[in-house]
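Subject: A structure for you to look at

Hi,

Here is the structure I promised to pass on. Have it open while you read, and I'll walk you through what turned up.

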Amino acid sequence: MSHTVLAELVANVLKVTAKAGDTVGPEDTLVILESMKMEIPVLAEVAGTITELKVVEGEVVRDGDPIAVIDER
């Protein structure tokens, strides 16, 4: 089953810390967003393998935008 991690606010993608094919756990950081000079880590939320990253560094995400798709174990 696939799980899509969504952005929860409008922010800049400061750093992408994972890539497609990586195995992640619920507490693993996928990307770091920056909003109002604060860095906000976005966690995988579930255990599995990243099948697709939907963001790149420097891009702006909005509330509800997909960040990554994870194939759950």
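Let's begin with the whole span: the C-alpha atoms at the two ends of residues 1-71 lie 6 Å apart, and the span is 0% helix and 56% strand. Keep in mind that this is a predicted model. The UniProt record, an unreviewed entry, puts the feature "domain: Lipoyl-binding" at residues 1-71.

**The two sheets**

So how are the strands arranged? One open sheet has four strands in the order S1-S8-S6-S3, with antiparallel pairing. Strand S1 (2-6) and strand S3 (23-24) are at its edges; each has a single partner strand, so one side of each has no neighbour in the sheet. Inside this sheet, strand S6 (residues 48-53) pairs with S8 in the antiparallel sense over five bridges. If you want a spot to click on there, Glu52 stands opposite Val69 in S8.

The other sheet to look for is also open, with four strands in the order S5-S4-S2-S7 and antiparallel pairing. Its edge strands are S5 and strand S7 (60-61), and each of them pairs on one side only. Going across this sheet:

- S4 and S5 are antiparallel and share six bridges; Val31 stands opposite Val42 in S5.
- S2 and S4 are antiparallel and share four bridges; the bridge partner of Val13 is Leu33 in S4.
- S2 and S7 run antiparallel and are joined by two bridges; Asn12 stands opposite Val60 in S7.

Take a look at the turn in the hairpin of S4 and S5 as well. Two residues sit between the strands, and Met36 takes a positive phi near 55°.

**The nonpolar core**

Which residues have the most contacts inside the largest nonpolar core? They are Leu30, Val31, Leu33, Ile67 and Ile70, in a core of 18 residues. The elements that give two or more residues to this core are strand S2 (11-16), strand S4 (29-35) and strand S8 (66-72). As background, nonpolar side chains in soluble globular proteins tend to be buried together.

Leu30 is a good one to select. Not counting residues up to four places away in sequence, its contacts include Val5, Val16, Val24, Val42, Ile50 and Ile70.

Is S4 largely enclosed or largely open? Five of its seven residues are buried, so the rest of the structure largely encloses S4.

**Ser35 and Ile40**

These two make a nice pair to compare. Ser35 is in strand S4, while Ile40 lies in strand S5 (residues 38-43). Why does Ser35 count as buried? Its relative accessible area is 15%, and buried means under 20%. Ile40, with a relative accessible area of 25%, is partly exposed, because that category lies between the buried cut-off of under 20% and the exposed cut-off of over 50%.

Setting aside neighbours within four places in sequence, Ser35 is in contact with Leu9, Val10, Ala11 and Ile40. The side chain of Ser35 also reaches the backbone oxygen of Val10 at 3.4 Å.

Ile40 touches Leu9, Val31, Ile32, Leu33 and Ser35, again leaving out residues up to four places away in sequence. There is also a separation along the chain to notice: Ile40 and Ala11 are 29 residues apart in sequence, and their C-alpha atoms are 9.0 Å apart in space.

**The salt bridges**

How many salt bridges does a search of the whole structure find? It finds two. Side chains of opposite charge can pair when their charged atoms come close.

One joins the side chains of Asp22 and Lys19, at 3.0 Å from N to O. Lys19 counts as exposed, at 52% relative accessibility.

Glu52 forms a salt bridge with Lys54, where the closest N and O atoms are 3.4 Å apart. Here both partners are partly exposed: Glu52 has 36% relative accessibility, and Lys54 has a relative accessible area of 38%. You have met Glu52 already, as the residue opposite Val69 in S8.

That's the tour. Happy clicking!

Technical notes:
Residues are numbered from 1 along each chain as its sequence is written. This is a predicted model: local features need pLDDT of at least 70, side-chain atom pairs count only at pLDDT 80 or more; totals for chains, interfaces and linings use all residues. Side-chain values use heavy atoms; hydrogens and water are left out. Buried means under 20% relative accessible area, exposed over 50%, partly exposed in between (1.4 Å probe, protein chains only). Contact means heavy atoms within 4.5 Å. A salt bridge is a side-chain nitrogen of Lys or Arg within 4 Å of a carboxyl oxygen of Asp or Glu. UniProt positions are given in the numbering used here, feature names are shortened, and annotations may be inferred rather than shown by experiment. A nonpolar core is a set of buried Ala, Val, Leu, Ile, Met, Phe, Trp, Tyr and Cys residues joined through side-chain atoms within 4.5 Å. Two strands pair if DSSP finds at least two bridges between them. A polar contact is a pair of N or O atoms within 3.5 Å; within protein, one must be able to donate a hydrogen and the other to accept it, and residues adjacent in sequence count only if both atoms are side-chain atoms.
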